[in-house]
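Biologist: I have a small chain to look at and would like to go through its fold. Can we start with the picture?

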Amino acid sequence: MVQQTQRDGTTWYVCEGCGMMFDLKVDAEDHETACDHEEPAYIQ
Ligand SMILES: [Zn+2]
């Protein structure tokens, strides 16, 4: 899920998986589609 957050009076959209921030929701959603955070291979 893309998280919405406020910083310095600006709305940011944060990839819940890796924490990357975007100023455009569409960019965040596009990233999240490609982000492989769903199945982190390095956990335990
Ligand atoms: Zn991500």
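Modeller: We will go through the strands, the helix and then one loop residue; note that this is a predicted model.

Biologist: How many helices and strands are there in the chain?

Modeller: The chain has three strands and one helix. Along the sequence, the pattern reads β-β-β-α.

Biologist: In what order do the strands sit in the sheet?

Modeller: The order is β1-β2-β3, in an open sheet with antiparallel pairing. β1 and β3 are at the edges and have a single partner strand each, so one side of each lacks a neighbour in the sheet.

Biologist: And where does the helix go?

Modeller: Helix α1, residues 25-34, packs on the sheet and touches β1, β2 and β3. The direction of α1 makes about 5° with that of β2.

Biologist: Back to the strands. How many bridges join β1 to β2?

Modeller: Six bridges, between residues 2-7 of β1 and residues 10-15 of β2. As one example of a facing pair, Gln-3 stands opposite Val-14 in β2.

Biologist: What holds paired strands together in general?

Modeller: Strands of a sheet pair through backbone hydrogen bonds.

Biologist: What about the turn between β1 and β2?

Modeller: These two strands form a hairpin with two residues between them. Asp-8, in that turn, has a positive phi of about 55°.

Biologist: How many residues lie between β2 and β3?

Modeller: Five, and these strands form a hairpin too. Gly-19 in this turn has a positive phi of about 85°. β3 covers residues 21-22, and its antiparallel pairing with β2 runs over two bridges. Tyr-13 has Phe-22 in β3 as its bridge partner.

Biologist: Changing topic: where is Asp-23?

Modeller: Asp-23 is in the loop between β3 and α1.

Biologist: Is Asp-23 buried or exposed, going by its C-beta neighbours?

Modeller: Asp-23 counts as exposed, because it has 10 C-beta neighbours inside 10 Å and the cut-off for exposed is 12 or fewer.

Biologist: Which residues does Asp-23 touch?

Modeller: Leaving out residues up to four places away in sequence, Asp-23 touches Thr-10 and Trp-12. Trp-12 is eleven residues from Asp-23 along the chain, and their C-alpha atoms are separated by 4.9 Å.

Biologist: Last one: what share of the chain counts as buried?

Modeller: Of the 44 residues, 7% count as buried. As for contacts with a separation of 6 or more, 9% of them are between residues 24 or more positions apart.

Terms used. Residues are numbered from 1 along each chain as its sequence is written. This is a predicted model: local features need pLDDT of at least 70, side-chain atom pairs count only at pLDDT 80 or more; totals for chains, interfaces and linings use all residues. Two strands pair if DSSP finds at least two bridges between them. Helices (H or I, at least four residues) and strands (E, at least two) are DSSP runs, numbered from the N terminus. Two residues are in contact if their C-beta atoms, placed from the backbone, lie within 7 Å. Axes are lines fitted to C-alpha atoms, for helices over the stretch in contact, and angles run from 0 to 180 degrees between N-to-C directions. A residue is buried if 20 or more other C-beta atoms lie within 10 Å of its own, exposed if 12 or fewer, and partly exposed in between; C-beta atoms are placed from the backbone.
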